[in-house]
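Got the viewer open? Let's take a short walk through this one, selecting a piece at a time.

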Amino acid sequence: MSQIIRNGLWLSFFGAILLAWWMMYAMSVDMDLDWIGRPGPMGQAMADMDPRMPMDMPMARFGPLFVMWAVMMAAMMLPTMVPTLTTYERLMISADGTRAGWVGVLLGYFVVWVAFAALIAGVQLALLYGGVINMLGIAPVWLSAALLVAVGAFQFTRAKEVCHGVCHAPMTYFLGHWHTGFGGGLRMGLGLGAFCVVCCWGFMALGFVGGVMSLLWMGLATLLMIFEKLPDIGHHVIKPTGVLLISAGLVLAIL
């Protein structure tokens with residue numbers, strides 16, 4: 001019975017990831033965007049709209065934006081949870097972990113990212129009504145260059161190092177903050193999620209460079225965050241990524 005429950009939870013987990021990616025694809029089609037994020041005729045017309053126009057525009061309202069970002073968090077961040085969840089499984093026998101605790105870890109982690117989705121949706125609205133970005137969430141060249149340099153520079157900070165250390169080695173976090181049951185798992189998931197948000201916020205912010213609905217950006221950012229968590233290479237990709245982002249920002253600023 002325990003094996004059936006385990007398989008069911010893992011299948012549900014991966015099913016949620018696939019559903020989130022399908023929803024993002026469906027949203028991009030509805031907005032007349034290709035997989036890179038480039039708008040077609042209808043998408044371009046939407047991008048040129050003024051958010052203050054007296055008509056219903058979902059991308060100019062907090063609710064739809066929040067839902068979009070929350071689905072995006074599920075699509076991009078849940079795949080990076082696999083090492084953490086498998087680490088918890090290894091502790092289920094030796095440290096009295098439970099399947100309820102496993103679910104709690106997952107839920108706590110996602111709750112933090114949903115909170116971040118609300119925050120970044122608010123930021124997008126502020127930039128939109130401030131005339132900085134367009135309706136598709138695409139930033140001007142100067143802001144795109146600044147974001148690339150800022151996110152690249154963050155790769156070299158102490159905050160990135162500390163938070164990545166927790167995300168990269170969840171076993172150490174579990175051993176130092178172990179709590180049993182669903183409530184204990186939820187508590188640990190909230191803590192892990194907080195470290196992960198600080199570690200990876202910049203990759204989410206880069207969505208404004210090419211458009212927040214760019215499936216290409218989402219895929220690349222997801223792969224990069226997965227690589228950062230891999231045991232053997234995780235620590236070795238952080239600074240090279242920072243160099244690439246800073247270089248891209250400087251080139252964009254010059255051009």
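Which helix gives the most to the nonpolar patch? That's H5, with three residues. Bear in mind as you click around that this is a predicted model.

To see the patch itself, select Val103, Leu107, Val111, Phe182 and Leu190, which make a nonpolar surface patch of about 360 Å². Two elements, helix H5 (99–129) and H9, each give two or more residues to the patch.

Now click on Val111, which sits in helix H5. Is Val111 buried, partly exposed or exposed? The relative accessibility of Val111 is 40%, so Val111 counts as partly exposed: the partly exposed class lies between the cut-offs of 20% and 50%.

Next, go inside with helix H7, residues 158–168. Show side chains for Lys160, Cys163, His164, Val166, Cys167 and His168, the buried residues of H7. What do they pack against? Turn on helix H6 (141–154), helix H8 (170–176), helix H9 (181–205), helix H11 (215–229) and helix H12 (238–254), and you have the neighbours that the buried residues of H7 pack against.

Keep H11 on screen and add helix H3, residues 62–77. The axes of H3 and H11 are 9 Å apart, and the two helices pack at an angle of about 45 degrees. H3 and H11 are therefore oblique to each other.

For the last stop, zoom in on the contact between them. From H3, pick Trp69, Met72, Ala75, Met76 and Met77; they meet Trp217, Met218, Ala221, Thr222 and Met225 in H11.

Notes. Residues numbered from 1 in each chain as written. Predicted model: local features only at pLDDT ≥ 70, side-chain atom pairs only at ≥ 80, totals over all residues. Heavy atoms only, no water. Buried < 20%, exposed > 50% of the residue type's maximum accessible area, 1.4 Å probe, protein only. Helix = DSSP H or I, 4+ residues; strand = E, 2+ residues; numbered from the N terminus. Contact = heavy atoms within 4.5 Å. Patch = residues over 30% accessible without salt bridge, like charges linked within 9 Å, V, L, I, M, F, W, Y side chains within 5 Å. Areas by Shrake-Rupley, 256 points an atom, 1.4 Å probe, with all protein chains shown as cover. Salt bridge = Lys/Arg side-chain N within 4 Å of Asp/Glu carboxyl O. Axes fitted to C-alpha atoms, helices over the stretch in contact; angles between N-to-C directions. Parallel < 35°, antiparallel > 145°, perpendicular 65-115°, else oblique.
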